[in-house]
Amino acid sequence: VIEGFVRWAAVAVDNGMDGVELHGAHGYLIHQSFTPSRNRRTDRWGEPLFFVTTLARRVREAIGPDKVMGFRISADDYRSAESGGLGHEGLCRVASEVIGTGLFDYLNHSEGMGGADYARAIGSYRYPLGEYLPLARNLRKAIGAAVPVVGVGRIATPDMAEQALVDDDCDLVGMTRAQIADPDLVRKLERREGHRIRVCTGANQGCIDRARLGITCIQNPEVGEENRFKALDVPITERKRVLVVGGGPAGMKAAEIAARRGHEVTLAEAGPRLGGRFAMVRDLGAASNLLSVLSWIEQELALLDVDVLMNTAVDEDFVADFRPDSVVLATGSAPSADLEAPTDGSVPVMSTDDAVVGKFDGFEFAVEGARSLVVDIRATYETALVIESLARRGSSVTVSTPFLHFGMGMGTGRSTHLNDYLRLLPTLGVEVLPSTRLTRIAEGRVHLDDVYSGRSLAETYDFVVAGVSPKPQDGLYPLLRQTVPTVLVGDAVAPRTALEAIREGDRAGRAV
């Protein structure tokens, strides 16, 4: 095993890397070697630091004295001594001894033992910015500032990074997700355009939550597709008059990119504000951080002189009078309460939008103390946020889903949001009924069947929330495409998430 480490380190530096980092965090092999519950050997390899120091000496010999070698450690493993962990203090001692070998040039850090701990180590918008800087400061003290320490953990802005350096929390700053969201972060600072930096929201949907599929970014669809997008991004040969219909994420992004390429762009939105259904996160607690996705694009629209028309309904006559060269149709979707099951109306059934705002048929309804059923067909971030919102507002929530477990549409097994919800829902008193479907509503009772056994359950609820897909609003498309080049994007194609909507809007803007 050590020889494998050595060979790959040599391959790295032989092919132009300035150095390597030994990954002693996240419960991987090096981390296991000095963790009491994982290393149970009784020979010399059972000594907590024997493996890592032996490995470090071998790697250093292989790469030579002039190459950089760093060490990464979990600053906290979230395990008590009683459960075989080391905790923050124990890991500070390990860091001191490892750096004390004199073999390393810097110390990096993260948190946890991997698995479900990634939800905390790579925290979403539910976690504070810069949460782990105090741990980095303690690591720095433990090693006597002998080598530079890298501070990490939701350091989203240059100001926060600068303050961490000023406060001696660390000597270097890791801003991974920040530079996924905006790879031009440093360049914008150099140009004195810090206000135009696209700040990471902690959405996690495009990066860590789909890491096994190849990462992207909810705000920056170029990530992972740089070559393909570059091929689309050819200089325009003719400045066109572009009409974007719909001011949700897809329409906003299409308008931004088309204007950035040099076209004359008008964005028409039927409502009083931009953002479409995505703007409803303003009422969803910590998820309101996602509004910065919209505010950044809105700022760019102003800087790019996009003509934004609010409260403007677009029909065939409007388009005929406007005489555009190209139309991007981003008319979004309308909420639905269609559960495709018979009901006698004895229990109100509402859309997820109604549930968020607390209104049904135009009237406010009581959430606190009410017993609600969310029929979660989509099993996505959206329905999870609605469920959380209802529970936090005092409703006793039951979730029925046809899937094997909650949140099947929320990313891969390492999904930070899914792990958060699996911990959170029990604390909020939410009951989850997996593998169930609603078959009918009759005489004030909701009938649920197990999709495998067929066993039936009939319960009473004050209201039911239909966690189903909204309906695409694409009626203009077949009319407009006959007279003007028109492309359909976002939920008007098929209701999904803001990630897909922004991605399609970006491509539409590049293709004009």
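How far apart are the mean positions of the positive and negative charges of the chain? They lie 4 Å apart, taken over 56 positive and 69 negative charges. The model is a predicted one. It holds 18 helices and 22 strands, and 32 salt bridges.

**Overall build**

- The chain has 512 residues, and 52% of them count as buried.
- Along the principal axes, the C-alpha atoms fill a box of roughly 75 × 65 × 40 Å.
- Take the contacts between residues at least 6 apart in sequence: 70% of them join residues at least 24 apart.
- About 23400 Å² of the chain is exposed, and carbon and sulfur atoms supply 50% of that area.

**Salt bridges around helix H11**

- Arg-260 and Glu-256 form a salt bridge, with the closest N and O atoms 2.8 Å apart.
- Both residues lie in helix H11, four residues apart, which is about one turn of the helix.
- Burial separates the two partners. Glu-256 counts as buried because its relative accessibility is 2%, under the 20% cut-off. Arg-260, at 39%, counts as partly exposed.
- The two also belong to a wider network of salt bridges, which links Arg-196, Lys-253, Glu-256, Arg-260 and Glu-300.
- Next to Arg-260 in sequence comes Arg-261, whose side chain meets that of Asp-233 in a salt bridge of 3.6 Å, N to O.
- That pair links distant parts of the chain, 28 residues apart. Asp-233 sits in the loop between helix H10 (226-232) and strand S6 (241-245). Arg-261 sits in the loop between helix H11 (249-260) and strand S7 (264-268).
- Arg-261 counts as buried at 14% relative accessibility, whereas Asp-233 is partly exposed at 40%.

**A salt bridge to helix H15**

- Arg-277 forms a salt bridge with Glu-382, and their closest N and O atoms are 3.0 Å apart.
- Arg-277 lies in the loop between S7 and helix H12 (291-303), and Glu-382 lies in helix H15, so the bridge ties together parts 105 residues apart in sequence.
- Both partners are partly exposed: Arg-277 has a relative accessible area of 21%, and Glu-382 has 23%.

**Arg-393, after helix H15**

- Arg-393 is placed in the loop between helix H15 (381-392) and strand S15 (396-400).
- Its relative accessible area is 28%, so Arg-393 is partly exposed.
- Beyond its neighbours within four places in sequence, Arg-393 is in contact with Ala-355, Val-356, Gly-358, Val-367 and Glu-368.

**Long separations**

- Arg-393 and Asp-77 are 316 residues apart along the chain, and their C-alpha atoms are separated by 33 Å.
- Pro-134 and Ala-458 are 324 residues apart in sequence, with 52 Å from C-alpha to C-alpha.
- Pro-134 is in helix H6 (residues 133-142) and counts as partly exposed at 35% relative accessibility.

**Surface patches**

- Asp-315, Glu-316, Asp-317 and Asp-321 form a patch of negative charge on the surface.
- Glu-316 belongs to helix H13 (residues 316-322). It is partly exposed, with a relative accessible area of 43%.
- A nonpolar surface patch is made of Leu-404, Val-451 and Tyr-452, which together have about 340 Å² of accessible area.
- Val-451 sits in the loop between strand S18 (445-450) and strand S19 (456-459). This residue is partly exposed, with a relative accessible area of 33%.

**Positive phi on either side of strand S17**

- Most residues other than glycine have a negative phi. Two residues here merit a look.
- Ser-435 is not a glycine, yet its phi is positive, at about 55 degrees. Its place is in the loop between strand S16 (431-433) and strand S17 (436-442).
- Glu-443 also has a positive phi, near 50 degrees. It is found in the loop between S17 and S18.
- Are these two residues buried or exposed? Ser-435 counts as buried, at 8% relative accessibility. Glu-443 is exposed because its relative accessible area of 73% is over 50%.

How values were computed
Residues numbered from 1 in each chain as written. Predicted model: local features only at pLDDT ≥ 70, side-chain atom pairs only at ≥ 80, totals over all residues. Heavy atoms only, no water. Helix = DSSP H or I, 4+ residues; strand = E, 2+ residues; numbered from the N terminus. Buried < 20%, exposed > 50% of the residue type's maximum accessible area, 1.4 Å probe, protein only. Contact = heavy atoms within 4.5 Å. Areas by Shrake-Rupley, 256 points an atom, 1.4 Å probe, with all protein chains shown as cover. Lys, Arg positive; Asp, Glu negative; His and termini not counted. Charge placed at Lys NZ, Arg CZ, Asp CG, Glu CD. Patch = residues over 30% accessible without salt bridge, like charges linked within 9 Å, V, L, I, M, F, W, Y side chains within 5 Å. Salt bridge = Lys/Arg side-chain N within 4 Å of Asp/Glu carboxyl O.
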